[in-house]
Amino acid sequence: MPGVSGQRMNLITARGIGVTRKGTAILQNVGIEIAAGEIVTIVGPNGSGKSTLLRVLIGALNPDRGTVTRRPGLRLGYVPQKLAIDATLPLTARRFLDLPHRVPDAEAAQALDTAGVPDIAKRQMVDLSGGQFQRVLLARAILSRPQLLILDEATQGLDQPGAARFYRQIEAVRRDLNCAVLMVSHELHVVMSASDRVICLNGHICCEGTPEVVSAAPAYRELFGRGTGGALALYRHDHDHGHDDNHHHDDDHHDHNQPVHDHA
Amino acid sequence: MTMTITITINRCTTMLDDFLIRAALAAVGTALAASVLGCFVVWRRMAYFGDATAHAAILGVAIALALNISIFAGVAAVSLVVALLIHRLSDRAQGTDTILGVLAHGALATGLVAVTLIPGARINLEAYLFGDVLTVTRTDLAVIWVGAAVVLTVLWFHWSALLTATLNPDLATASGIDPRRENLILTLLLAGVVAVAIKVVGALLITALLVIPAAGARRLASSPEGMALRAAVLGVMAALGGLVLSMRLDTPAGPSIVVTAVVLFACTTIGGKLQAIGGSSP
């Protein structure tokens, strides 16, 4: 029985999470569950508590109210929003992958390859471009063979095509590792294309469900305003691409996984 | 006393009679611990934190004299309390700079006042402000080397965790490392180094011994470990070079060590720049 229930048990279950800072409620009664293998995206405007919720989930922040239950022995891969490496710290991409545990060269090379940056092992972290840097963070996160990969606004600082490529990379990683993915973003259209479930957050959970359900929800439209019309169209377009292999669309070239262009 | 010592055939023991040898060993031990820990001080931008902890050492000296306990113990205890205080305060408030300023100079001034108030104690305050490495005793030497060994051992075993926590606390948490614990360890080590270094360079120049060798090693290294190793080498060179300088020119030893470290820093930085220019040209 424990085996069965272990299989069924969510990777992370958070209930009734409340976080208050300096008298302001940042999160109120937020509940979230992540099951094995699913892709969940949290969307919300700036200051809606997205990063705070992630920090609660990974255990970096103790909520004032509520409980977080992680599956025992849960392996987390975490890609932070940004990593400010002080210029005084010499650190190659290869050495960064060794934190906190040394990994064999072959595994490190494999991870860099999976993340889409095979040739930068010897480069200094501070010299990498935004896209390369995020991919090295991704490579490090997948080295621990995570059951749950958590990405906090991982495409910040990337342009739109760069972000789209990065998300396709994550889909590929997810297929390879068969892990669950929890993403936070405000870039709705690109993110939602891959998600099984979208949670719309603004201090509390406004609405939740499949991308279709959420994008049609009044609460979502209210939160993101009229601008979502265009974004939504783009989302649908991406979404179709992700799930069928029909190549008769006039813009197939978007579908290929190999990023051949340099980021602009 | 002299009799017993001269009788000993142990060359090591005889060697330790020489105040110069003792001074050199004390300076080298201190430099090793300070320069390696100093890398973290530089990476985490804790220089001011180091200053505050070190300045508090004077208050420790005053307390040690008043209670008639070991100077090392007094300094270590007060530095620890101040370091923990800053550690706590800097966790919640944004204006850390101001808090550090208040604590650093508050502890220094209080210490200076307290030392003069202690009845009967006529001490050479300069020795604690700028160090007095030429007067280290064998007991001092033992304390310095045990302290340095402890600092280096803890750094060795916590290297990866400390490095991960330095990069990003949340990244560390997700990897199962408690960043607060690692911060606390650094705080404790800093207090330890302050206690070890007070005899050698004095309260006012301890931060220099932490920061300057590490900064000098930056341009020479391409990995964190490489930087720590080179910082240690530069630190030892500064310690020995400073002592030689002090002997030749009859200058105070502590400041001479720091001056040597600054000269080495200038050399590696300019050398590194030249190398970068040379490397980039086809």
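**Exercise 1. In this predicted model, find out which residues Lys50(A) touches, leaving out those up to four places away in sequence, and decide whether Lys50(A) is buried or exposed.**

Step 1: go through the contacts. Lys50(A) touches Ile42(A), Val43(A), Gly44(A), Pro45(A), Glu153(A), Val184(A), Ser185(A) and Leu201(A).

Step 2: place the residue. Lys50(A) sits in helix H2 of chain A, which covers residues 50–58.

Step 3: check the accessibility. Lys50(A) has 4% relative accessibility, so it counts as buried; the cut-off is under 20%.

Step 4: look for a polar partner. The Lys50(A) side chain reaches the backbone oxygen of Gly44(A) at 2.7 Å.

**Exercise 2. Work out which residues have the most contacts inside the largest nonpolar core, and where that core lies relative to domains 1 and 2 of chain A.**

Step 1: pick the hubs. This core has 152 residues, and those with the most contacts inside it are Phe96(A), Val136(A), Leu138(A), Leu148(A), Leu151(A) and Leu182(A).

Step 2: see who contributes. Helix H3 of chain B (residues 19–43) supplies the largest share, 14 residues.

Step 3: locate the core. Both domain 1 (34–63 + 148–255) and domain 2 (82–144) of chain A give residues to this core, so it lies between them.

Step 4: zoom in on one hub. Leaving aside residues up to four places away in sequence, Leu148(A) touches, among others, Leu11(A), Ile12(A), Ile34(A), Leu74(A) and Leu182(A).

Step 5: don't miss the other one. A second, separate core has eight residues, including Val43(A), Val198(A), Ala217(A) and Tyr220(A). Val43(A) is also one of the residues touched by Lys50(A).

**Exercise 3. Check whether the end-to-end span of helix H10 of chain B agrees or disagrees with its length in residues, and find what caps its N-terminal end.**

Step 1: get the expected value. H10(B) runs over residues 179–197, and at 1.5 Å a residue its 19 residues should span 27 Å. The multiplier here is one less than the number of residues.

Step 2: compare. The end C-alpha atoms are 27 Å apart, which agrees.

Step 3: find the cap. Asp178(B) does the job, with a side-chain oxygen 3.1 Å from the backbone nitrogen of Arg180(B).

**Exercise 4. Profile each chain by secondary structure, burial and accessible surface.**

Step 1: chain A. Count 10 helices and nine strands. Of its 264 residues, 50% are buried, and its accessible surface is about 12600 Å², with 49% belonging to carbon and sulfur atoms.

Step 2: chain B. Here you get 13 helices and zero strands. Buried residues make up 50% of its 282 residues, while carbon and sulfur atoms hold 69% of an accessible surface of about 13000 Å².

How values were computed: Residues numbered from 1 in each chain as written. Chains lettered and ligands numbered in written order. Predicted model: local features only at pLDDT ≥ 70, side-chain atom pairs only at ≥ 80, totals over all residues. Heavy atoms only, no water. Helix = DSSP H or I, 4+ residues; strand = E, 2+ residues; numbered from the N terminus. Polar contact = N/O pair within 3.5 Å; in protein donor to acceptor, adjacent residues only side chain to side chain. Buried < 20%, exposed > 50% of the residue type's maximum accessible area, 1.4 Å probe, protein only. Areas by Shrake-Rupley, 256 points an atom, 1.4 Å probe, with all protein chains shown as cover. Core = buried A, V, L, I, M, F, W, Y, C linked by side-chain atoms within 4.5 Å. Domains from an automatic or database assignment. Contact = heavy atoms within 4.5 Å.
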